[in-house]
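Some descriptive terms only become clear once a value is set beside the rule that gives it its name. The questions below follow that path for one model.

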Amino acid sequence: MSSPCDPQHAPVGDVGAALMMIDSRLKGIYDGKTGIDPEQQELMEQFTASLGPGGADAVLDGTCTLIFMFMKWLRMAHEDHDKDVIEYVVPNLVATMRMMPRSVRPEAIPTMAGLVIAAGTGLSPNLWRKQYGYWTEEEMTPLEVTAFLLAEHINRITDDRDFATRMIAEALPKADED
């Protein structure tokens with residue numbers, strides 16, 4: 001029996017825009033920019049404002065698609081070593097988020113952990129979350145942080161700062177062909 005959270009029922013969203021945002025954050029961190037770059041923040045706000053409500057929802061769906069794809073890759077990588085992706089990824093993710101109280105409020109952490117567990121077990125993170133109502137404004141930054149941390153985790157595992165971004169960028173044209 002198919003789950004209502006089956007990824008085949010989920011909107012893919014604007015994966016390209018979501019990937020651009022995550023890649024921009026990764027590059028900033030890798031370049032040693034741990035603070036908020038006012039110019040980059042202004043550009044991001046202008047970009048987000050230009051999307052309108054439908055576009056913002058598409059980026060939100062795209063971010064959830066990234067989380068799903070990152071967790072799918074991590075699940076396969078962990079299974080190759082007879083390890084459980086949930087056991088190895090979620091505690092690290094939660095611990096890291098707990099060290100980021102200005103970006104991720106403590107009450108958002110269980111939702112983000114649930115989202116990652118849903119993705120790690122093959123469910124759509126977006127559909128899993130929507131069971132509990134529509135996304136809140138307070139969940140937007142933690143959602144971005146979740147996608148960022150998963151991408152950074154993949155990059156550390158592969159010892160390649162661009163691996164996660166490249167993996168998705170290479171998958172996008174193939175998905176369009178299907």
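Q: Why are H3 and H4 called roughly antiparallel to each other?
A: In this predicted model, the axes of helix H3 (residues 85-98) and helix H4 (residues 109-120) come within 10 Å and cross at roughly 155°. Angles over 145 degrees count as roughly antiparallel, and H3 and H4 are therefore given that description. Their crossing is right-handed.

Q: Which residues of H3 and H4 meet, and what classes do they belong to?
A: On the H3 side the residues are Val85, Ile86, Val90, Leu93, Val94, Met97 and Arg98, and they meet Ile109, Met112, Ala113, Val116, Ile117 and Gly120 in H4. Sorted by class, this contact of H3 with H4 has 11 nonpolar, 1 polar and 1 charged residues. Arg counts as charged and Gly as polar, so Arg98 and Gly120 fill those two classes.

Q: What makes H4 and H6 oblique to each other?
A: The axes of H4 and helix H6 (residues 140-158) come within 10 Å and cross at roughly 45°. Angles under 35 degrees would count as roughly parallel, and 65 to 115 as roughly perpendicular; the crossing of roughly 45° falls in neither range, and H4 and H6 are therefore oblique. H4 passes H6 in a right-handed crossing. The contact is made by Met112, Leu115 and Val116 of H4 together with Pro142, Leu143, Thr146 and Leu150 of H6, and by class it has 6 nonpolar, 1 polar and no charged residues.

Q: Why is Gln131 called partly exposed?
A: Gln131, which lies in the loop between helix H5 (125-130) and H6, has a relative accessible area of 47%. Buried means under 20% and exposed over 50%, so with 47% Gln131 belongs to the class in between. The C-alpha atoms of Gln131 and Pro4 are separated by 9.3 Å, although these residues are 127 apart along the chain.

Q: How do you know that the radius of gyration agrees with that of a compact globule?
A: For 178 residues, a compact globule would have a radius of gyration near 16 Å, and the protein has 16 Å, so the two agree. The C-alpha atoms fill a box of roughly 45 × 40 × 35 Å along the principal axes, and buried residues make up 41% of the 178 residues.

Q: What does the secondary structure of the protein come to?
A: The secondary structure comes to 7 helices and 0 strands, and the pattern read along the sequence is α-α-α-α-α-α-α.

Methods:
Residues numbered from 1 in each chain as written. Predicted model: local features only at pLDDT ≥ 70, side-chain atom pairs only at ≥ 80, totals over all residues. Heavy atoms only, no water. Axes fitted to C-alpha atoms, helices over the stretch in contact; angles between N-to-C directions. Helix = DSSP H or I, 4+ residues; strand = E, 2+ residues; numbered from the N terminus. Left-handed = near helix turned anticlockwise from the far one by under 90°. Contact = heavy atoms within 4.5 Å. Buried < 20%, exposed > 50% of the residue type's maximum accessible area, 1.4 Å probe, protein only. Rg over C-alpha atoms; globule rule 2.2 N^0.38 Å.
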